[in-house]
Amino acid sequence: MADATISAVFDVYRFDPSKDREPRYQRFALDLAPHTPVLSALLQIRAEQDPTLTLRYSCRSAICGSCAMQVNSKSRLACETQIGPEMERHGRIVIEPMRNQAVLRDLVVDQQPFWQRYDSIEPHLILDPSHPMPEDRATSMTPAQVERFKETPRCIACAACYSACPAVSADPAFPGPMALAKLYRFVVDPRDSATQERLVRIQPNGLWLCLRCHLCTEACPKDVRPSERIRDLKELAIQVQGGTEAGSKHAIGFKENIRERGLLSEMKLVRQTSGVVGLAAQAGQGLRIWRKKPEIARRPHRIEGLDEVEKIYEALDRPPQEGS
Amino acid sequence: MQKHEVVVIGAGLAGQRAALAAIDAGKDVAIVSKLHPLRSHSGAAQGGINAAVGKEDSVETHIYDTVKGSDYLGDQDAIEFFCQRAGPVVVEMEHFGTIFSRSDDGSLARRAFGGAGFPRTIYAADRTGLALLQALWERIGTEDFTLYEEWDVTNLVVREGRMQGLVAFDRRHGNFEEIQAPAVVMATGPFGRVYGRTTNAHSCTGDGTAAAYEAGAQLKDLEFVQFHPTALLESGILITEGARGEGGILKNANGERFMAKYAPHVLELASRDVVSRAIVTEVAEGRGFSGPYGGYVHLELMHLGREKVESRLQEIVDYSRHFAGIDPITQPIPVYPAQHYMMGGIGTTIQGATSLPGLFAAGEAACVSIHGANRLGGNSLLETLVFGREAGAAAAAYVDKAPASTMHATDLDAAVAPFRAWSSRTDGEDPSALRTEMQATMERYVGIYRNEADLFEGLRRIRALKDRFQKVRVVDRSSIYNLNVSDALETGHMLELAEVIVVGAYARTESRGAHARTDFPKRDDAHWMKHTIATRSPTGPELSYAPVAYTRWEPKERVY
């Protein structure tokens, strides 16, 4: 009755630690319309082929954040990923649990660590008792102030960003993209009284661990763009603390380096970031790199056309245009 | 066994607000929820929350609109209380951190909604439920309470005529757990999944409502089922009333703005029951569009302009693109009504008390009743917060005077026995198949337009499914995240509630609000200005009736 169907093939990750020694992939074949959401297909498999297939799901409209999983190796919401393009691009649809979270069964992962990292940024308004909220009325906030939240209120905590993030697995102190986007939401909230403290506290605790790979932004189904919110936080952090943290010194050093010569001086950058002691501490690492790339120890020359670089910096230093 | 003073079941807005009130009263509080609280269906509410805070508006008008919208079945004392609380509740939520949309002067922005005399719906773009849910979870996160996450409530334990506690199924570990508590607040939301075509989440299966009914609590007005006029054609995903509030219009296949015929004064902003029936009539009489997913009409936003649509209806743009392949900025959205809201529920007082001492209820799981025969858009979010708080506070106060609760060793065994039977069968009924048949039955026989013959047939079929459920089988034997157990549990719960809906609809020989009988097309105040009360018996629901509370508003014919 509906549109023409296609033959879709699903290779679904299955693992029940109570009886399986190791994970396996189970193949399911279904004829479905190309616009069928992956979630609908998985629920059809549950209903018609195997009721033991285990996954989290609820709203099926990309607002509850339950059904994030890997679809052909990308962290996606199953409910808003259509099968047609996946079949076209990959010839099959590989369904796996999210990364960076322990598998409890099939596609269900343990989200407690994700929530714990979320809790670590103190995700609630911190109020100053000496400046109470206006009694009996809402705080006044202009549309421009609401704009400052950017897309962070759209976050549905699906953890797709957390699954895609390489820094999450590297360091348990890193709150992760979602938590940092949430932190940004509180930092720009005019009702919050702890903006400065939040920015100071987050610096040794993970802000600068972000690798700027933007995989979180690519994974986010709600356009929260966590990596850009992390960048916003870094800018605010430098403003607040004047670049005294290692992470911010690294960012500032990077900027000065390039402005000076148009090239990066790794030696100088490490010294700027970690000081002479830090440079000594990283000497072993430096030597190893030096053996492969002896040019890093050389004082970098200035590139040609440095005046063009200077123009870029001048453009960046200019205050933003109204409304941009 | 766990012990608490107040256990709240359900962690949406009503449940969280109830928990916060009980915590504020100094009680040891636990929340039991089958979803992480931030995944609750409250987060799917789009359009907004009503509060008559505008200078031209008044609480009095909000009360009148709600009474009229309810088709005079709402309890007027409860509605007065409800509307008076609206302003403070919205301010409180703003202070908790909700990021509402704003007007240029810095005040809370408001939009027009159906059945309302003034633009009084305060909103956060088109994700107001999510904004409120985030803020409340952030607020309650600073308090001390226990969260039993991904636990299904299986049944309540009642002895000596009052609550003693409950049994729940811990999905992650596959255990049945007892929680002893003198006071329980039921806030498990709706059960829209008794219908096939619904805006409700898959999790909306009325577990708490059914558990309360099975424990002896009275259900009220379950035959009043709201169908939202504008749901996406194939998926049933909600397109907020805010889309019409922002100026969206409905057109049939002849290009006519057909609402002019049905509601000449307010057109698309008539009450939901009126607009839904209009769409069904247009399609039934051949003026709709038709396609592989059935008949439909167009919701047009194109004339509003890209900027307005993208800023105020951001989620709608995404939904249309992802789930219907439509760009609403340049194309009309194909829509048709879908089940959306249950006006009925566990009968409660204004303070959330049910007919069962120690059991309280709030939110969509409850029926106070403020929505009567038809709910107005923007009143449900408000309801969760106003009555969630009342129920939580009342539960805490009840604990102070209630005798100590006790659980017996046999309570757990009694609760677990049916599951043992389900899991030990080598042959039996598939819960998913039963669910699908129930949904098709309700859709076909107990939909927007109803009549005696259909309802009779619908009841026969639902009862046959209930019989078959006695032989339900759980195939999955795993102890970890056995969702097959939840499938069976939910299906059993929903069959109980479906039966109550049909029995109530069959008995009510009039048309009122969302209950439209083609064989009794008029409202019959002489016989039917009363609430339906359903009590469980071994042979099915026993109906009785309770008067509607009146204060100042005489019933009039409802014209929009």
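In the predicted model, chain A is divided into three parts: domain 1 covers residues 6–108, domain 2 combines 112–132 with 142–241, and domain 3 runs over 246–317. The C-alpha centres of domain 2 and domain 3 of chain A are separated by 28 Å. Seven residues of domain 2 of chain A and five residues of domain 3 of chain A take part in the contact between these two domains. On the side of domain 2 of chain A that touches domain 3 of chain A, four residues are nonpolar, two are polar and one is charged.

Within the residue range 142–241 assigned to domain 2 of chain A, A:Arg231 is placed in helix α10 (residues 226–241) of chain A. A:Arg231 has 16 C-beta neighbours inside 10 Å and therefore counts as partly exposed. The C-alpha atom of A:Arg231 lies 9.9 Å from that of A:Ala181, although the two residues are 50 residues apart in sequence.

Chain A also makes an interface with chain B, in which 44 residues of chain A are in contact with 46 residues of chain B. On the chain A side, two or more residues each are contributed by α1 (38–48), β6 (103–105) and α4 (143–147) of chain A. By class, the side of chain A that touches chain B consists of 22 nonpolar, 12 polar and 10 charged residues.

Chain B contains 16 helices and 23 strands. The C-alpha trace of chain B extends over about 65 × 50 × 50 Å along its principal axes. A compact globule of 560 residues would have a radius of gyration near 24 Å, and the value of 22 Å for chain B agrees with this. Of the 560 residues in chain B, 64% are buried. When contacts in chain B between residues at least 6 apart in sequence are considered, 74% of them join residues at least 24 apart.

Two domains are assigned in chain B, domain 1 (229–336) and domain 2 (409–524). Taken over C-alpha atoms, the centres of domain 1 and domain 2 of chain B are 31 Å apart. Their contact involves four residues from domain 1 of chain B and five residues from domain 2 of chain B. The side of domain 1 of chain B that touches domain 2 of chain B comprises one nonpolar, one polar and two charged residues.

An open sheet of five strands is formed in chain B, with the order β19-β17-β12-β22-β23 and mixed pairing. The edges are occupied by β19 (366–367) and β23 (540–547) of chain B; each has a single partner strand, so one side of each is left without a neighbour in the sheet. Between strand β12 (residues 219–220) and strand β17 (residues 345–347) of chain B, the pairing is antiparallel over two bridges. In this pairing, B:Leu219 is positioned opposite B:Ile346 of β17(B). Helix α15 (residues 483–507) of chain B packs on the sheet and touches β12, β22 (530–537) and β23 of chain B, with its direction at about 55 degrees to that of β23(B).

Several backbone features of chain B were examined individually. Most residues other than glycine have a negative phi, and most peptide bonds are trans. The peptide bond from B:Val368 to B:Ser369, by contrast, is cis, with omega near 15 degrees. B:Ser369 is located in the loop between β19 and α11 (379–401) of chain B, and β19 (366–367) of chain B is one of the edge strands of the sheet described above.

Positive phi values occur at B:Ala125, near 45 degrees, and at B:Glu160, near 55 degrees. B:Ala125 belongs to the loop between β6 (121–122) and α4 (128–140) of chain B, whereas B:Glu160 belongs to the loop between β8 (151–159) and β9 (162–170) of chain B. With 24 other C-beta atoms within 10 Å, B:Ala125 is buried. B:Glu160, which has 10 other C-beta atoms within 10 Å, is exposed.

Terms used:
Residues are numbered from 1 along each chain as its sequence is written. Chains are lettered from A and ligands numbered from 1 in the order in which they are written. This is a predicted model: local features need pLDDT of at least 70, side-chain atom pairs count only at pLDDT 80 or more; totals for chains, interfaces and linings use all residues. Helices (H or I, at least four residues) and strands (E, at least two) are DSSP runs, numbered from the N terminus. The radius of gyration is taken over C-alpha atoms; the globule rule is 2.2 Å times the number of residues to the power 0.38. A residue is buried if 20 or more other C-beta atoms lie within 10 Å of its own, exposed if 12 or fewer, and partly exposed in between; C-beta atoms are placed from the backbone. Domain bounds come from an automatic or database domain assignment. Ala, Val, Leu, Ile, Met, Phe, Trp, Tyr, Cys and Pro count as nonpolar, Asp, Glu, Lys and Arg as charged, and the others, Gly among them, as polar. Two strands pair if DSSP finds at least two bridges between them. Axes are lines fitted to C-alpha atoms, for helices over the stretch in contact, and angles run from 0 to 180 degrees between N-to-C directions.
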